[in-house]
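Thanks for asking me to look this one over. Here are my notes, in the order I would go through them with you.

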Amino acid sequence: MKLISLAGWIALLGNLSLAVIKIVAGSIAGSLAVLGDGLDSATDVSIACMTLIISRIIQQPSDQQHPWGHGRAETTATMVVAFIIFYAGMQLSLSAGGKLLQYLIHLGQGTQFTQIPATSSLLLIVSLISIVGKLLLAWSQYRLGKKAESIMILANAKNMATDSIISVSVLVGLAGAKIFSLPILDPVVAFLVGLWVLKNAISIFLQMNLELMDGNLDKDLYHRLFNAVKRVEGVSNPHRVRIRKIAALWDIDMDIEVDPDISLHDAHELAEQVESVVRKAIPEVYDIVVHMEPAGHSSHHSQEQFGLSESDL
């Protein structure tokens with residue numbers, strides 16, 4: 001959890017510095033693209049604050065109200081992050097789209113639209129600083145997220161990488177506006193940046209929504225589990241397997257079949273062997289529940305519509 005806290009502080013201080021630089025520069029020079037890039041970094045500051053708060057919540061042990069612990073707080077927080085990013089992208093797209101619409105109206109009337117100032121060298125320098133800063137932040141968040149196995153930090157790393165692409169597009173737009181004397185490129189780039197931010201937010205939301213609904217698209221996890229169970233002599237037909245994620249760990253339920261004539265003690269020993277081999281195959285396990293059945297009994301509940309068997313893969 002110390003890694004999550006460290007990632008939060010790095011993201012907080014780094015994005016706060018970049019946000020202040022870009023918002024001040026964008027406001028002074030009147031650049032909507034740079035200002036929007038700064039607002040995007042400001043949302044990253046709120047994300048970093050949330051990371052620091054969540055790092056404390058998920059450390060709390062399970063209790064009567066939360067028997068599975070507090071790991072899902074990370075998923076919930078990441079959903080909130082997606083909404084923050086979506087809101088920022090929508091605001092930027094609407095602002096840039098409004099300015100572009102005004103420009104087209106003036107163009108159609110044959111009048112000059114003077115609300116878009118020319119690009120200054122200051123904006124180009126600020127955009128270069130933003131690109132380098134975002135790449136460094138994305139790299140640090142990815143490294144720490146991998147070590148901590150935190151979906152929230154990895155999502156933030158993806159967001160930082162996207163932000164660096166945004167800053168590159170802003171730089172290209174500003175350079176084009178300066179070289180070709182086309183200040184209209186500033187709101188054009190800002191509008192495209194807004195759409196990119198919206199796409200990123202929707203992607204994060206869909207991923208977290210799948211997790212909140214206990215969905216899992218990683219078939220490799222199931223293959224590893226079934227292959228592990230096959231190595232336990234005396235166990236057959238692993239079925240009704242369910243794997244869901246709680247923070248960075250996996251919660252696993254499964255049914256197995258054993259010889260109906262063995263003792264309860266021996267059956268329990270087999271179940272423990274199954275749990276042991278599964279934990280070796282999938283180290284990031286929170287808990288495993290193994291339900292034992294007499295061999296051939298699975299046909300009695302063939303109508304139950306949950307869990308996977310190897311044939312389902």
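The points below start with the whole chain and then turn to single helices and residues.

1. **Ground rules.** Please keep in mind that this is a predicted model, in which local features need pLDDT of at least 70, side-chain atom pairs count only at pLDDT 80 or more, and totals for chains, interfaces and linings use all residues. Residues are numbered from 1 along each chain as its sequence is written, and side-chain values use heavy atoms, with hydrogens and water left out.

2. **Elements.** The protein has 8 helices and 3 strands; these are DSSP runs numbered from the N terminus, with H or I over at least four residues for a helix and E over at least two for a strand. Along the sequence their order is α-α-α-α-α-α-α-β-β-α-β.

3. **Overall dimensions.** The radius of gyration is 26 Å, whereas a compact globule of 313 residues would come out near 20 Å. That radius is taken over C-alpha atoms, and the globule rule is 2.2 Å times the number of residues to the power 0.38. Along the principal axes, the C-alpha atoms fill a box of roughly 90 × 40 × 35 Å.

4. **Burial, contacts and surface.** Of the 313 residues, 45% count as buried (buried is under 20% relative accessible area, exposed over 50%, partly exposed in between, with a 1.4 Å probe and protein chains only). Among contacts with a separation of 6 or more, 73% join residues 24 or more positions apart; a contact means heavy atoms within 4.5 Å. The accessible surface is about 16,000 Å², and 64% of it belongs to carbon and sulfur atoms (Shrake-Rupley method, 1.4 Å probe; for residues, only the protein chains shown count as cover).

5. **Charges.** The 22 positive and 29 negative charges have mean positions 13 Å apart. Lys and Arg count as positive and Asp and Glu as negative, leaving out His and the chain ends; each charge is placed at NZ of Lys, CZ of Arg, CG of Asp or CD of Glu.

6. **Helix 1.** What span should the 28 residues of helix 1 have at 1.5 Å a residue? The expected value is 40 Å, and the end C-alpha atoms of helix 1 (residues 2-29) are 40 Å apart, in agreement. The expectation is 1.5 Å times one less than the number of residues. Buried residues of helix 1 include Ile4, Ala7, Gly8, Ala11, Leu12, Asn15, Leu18 and Ala19. An α-helix has 3.6 residues a turn, so residues three or four places apart point the same way. The cover over the buried residues of helix 1 includes helix 2 (32-57), helix 4 (121-148) and helix 5 (151-180). Just after helix 1, Gly30 has a positive phi of about 75°.

7. **Helix 3.** Helix 3 (residues 72-109) has 38 residues and reaches 56 Å from first to last C-alpha, close to the 56 Å expected. Gly110, just after helix 3, takes a positive phi of about 75°. Is Thr78 of helix 3 buried or exposed? Thr78 is buried, at 1% relative accessible area, and touches Met152, Ala155, Ile204 and Met208, leaving out residues up to four places away in sequence. Leu104, also placed in helix 3, is exposed at 51%; its C-alpha is 28 Å from that of Val24, 80 residues away in sequence.

8. **Helix 5.** Helix 5 has 30 residues and reaches 43 Å between its end C-alpha atoms, close to the 44 Å expected. Ser164 of helix 5 is buried, with a relative accessible area of 7%. Apart from neighbours within four places in sequence, Ser164 is in contact with Ile131, Lys134 and Leu135. Ser181 follows helix 5 with a positive phi, near 55°.

9. **Strand 1.** Please look at two backbone angles here. Asn237, in strand 1 (residues 236-246), has a positive phi near 50° without being a glycine, and counts as partly exposed at 33%. Arg240, also placed in strand 1, has a positive phi of about 45° although it is not a glycine; Arg240 is buried, at 14%.

10. **After strand 3.** Leu308 sits in the segment after strand 3 (285-294) and is partly exposed, at 27%. Not counting residues up to four places away in sequence, Leu308 touches Tyr222, Phe226, His239, Arg240, Val241 and Leu313.
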